[in-house]
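Hi,

Here is the structure I promised to pass on. Have a look at it first, and my notes follow underneath.

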Amino acid sequence: LARPEEVLSRQRTAELVRLLAAGDKSAADALFDGLLATRQANTYHLSVMLKACSGSDVQRALLRRAEEGGVVPDVSTYNVMLGRLRVEGRGQEVADLRAEMQRRGIEPDKLTHAVLARPEEVLSRQR
């Protein structure tokens, strides 16, 4: 059986997804800010919110805030950010982020490799 805090975390993740799908980013931001303020935010919540960011600069600022709120980024965090940087055509920043992952001891996974292998023609259609 799942522990109560795990159940609550999944419920909050689902609520963030629901709010964002409904176009209510301000409510999702408020919920995430509350989770950060009470140090209840986790990497699942962060990944959901990173996907809703308008660009990689906004993602980076959100990551800094999340880390200040006690969230420890993991490979899923970096996969979202690497994907956005690739779509934006920011190759040097992709290399810098990969180096940051290595410094932090975060191992790339299958999704990381898929994000990095995405062909330029696919990325250009996403711009």
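For a helix, the expected span is 1.5 Å times one less than its number of residues. Keep in mind that this is a predicted model. With that yardstick, H5 (residues 75–87) comes out close to expectation: its 13 residues reach 18 Å from first C-alpha to last, against the 18 Å expected.

H5 is also mostly covered, with 11 of its 13 residues buried. Among them are Val75, Tyr78, Met81, Leu82 and Arg86. The cover includes helix H3 (43–51), H4, H6, helix H7 (110–117) and helix H8 (120–126). After H5 comes Gly89, which has a positive phi, near 75°.

Arg86 is the residue I'd click on next. Arg86 is buried but has no salt bridge; the nearest side chain of opposite charge is Glu120, 4.7 Å away. A salt bridge here needs a side-chain nitrogen within 4 Å of a carboxyl oxygen. Beyond its neighbours within four places in sequence, Arg86 touches Val94, Val115, Leu116, Ala117, Arg118, Leu123 and Arg127.

Elsewhere, the axes of H2 (residues 25–37) and H4 (residues 56–68) come within 9 Å and cross at roughly 35°. Phe32, Asp33 and Leu36 make the contact from H2, and Leu62, Arg65 and Ala66 from H4. That gives four nonpolar residues, two charged and no polar ones.

Last one: Ala99 sits in helix H6 (residues 91–104). Its relative accessible area is 29%, so Ala99 counts as partly exposed. The C-alpha atoms of Ala99 and Arg18 are 34 Å apart, with the two positions 81 residues apart along the chain.

Cheers

Key
Residues numbered from 1 in each chain as written. Predicted model: local features only at pLDDT ≥ 70, side-chain atom pairs only at ≥ 80, totals over all residues. Heavy atoms only, no water. Axes fitted to C-alpha atoms, helices over the stretch in contact; angles between N-to-C directions. Helix = DSSP H or I, 4+ residues; strand = E, 2+ residues; numbered from the N terminus. Contact = heavy atoms within 4.5 Å. Nonpolar A, V, L, I, M, F, W, Y, C, P; charged D, E, K, R; others polar. Buried < 20%, exposed > 50% of the residue type's maximum accessible area, 1.4 Å probe, protein only. Lys, Arg positive; Asp, Glu negative; His and termini not counted.
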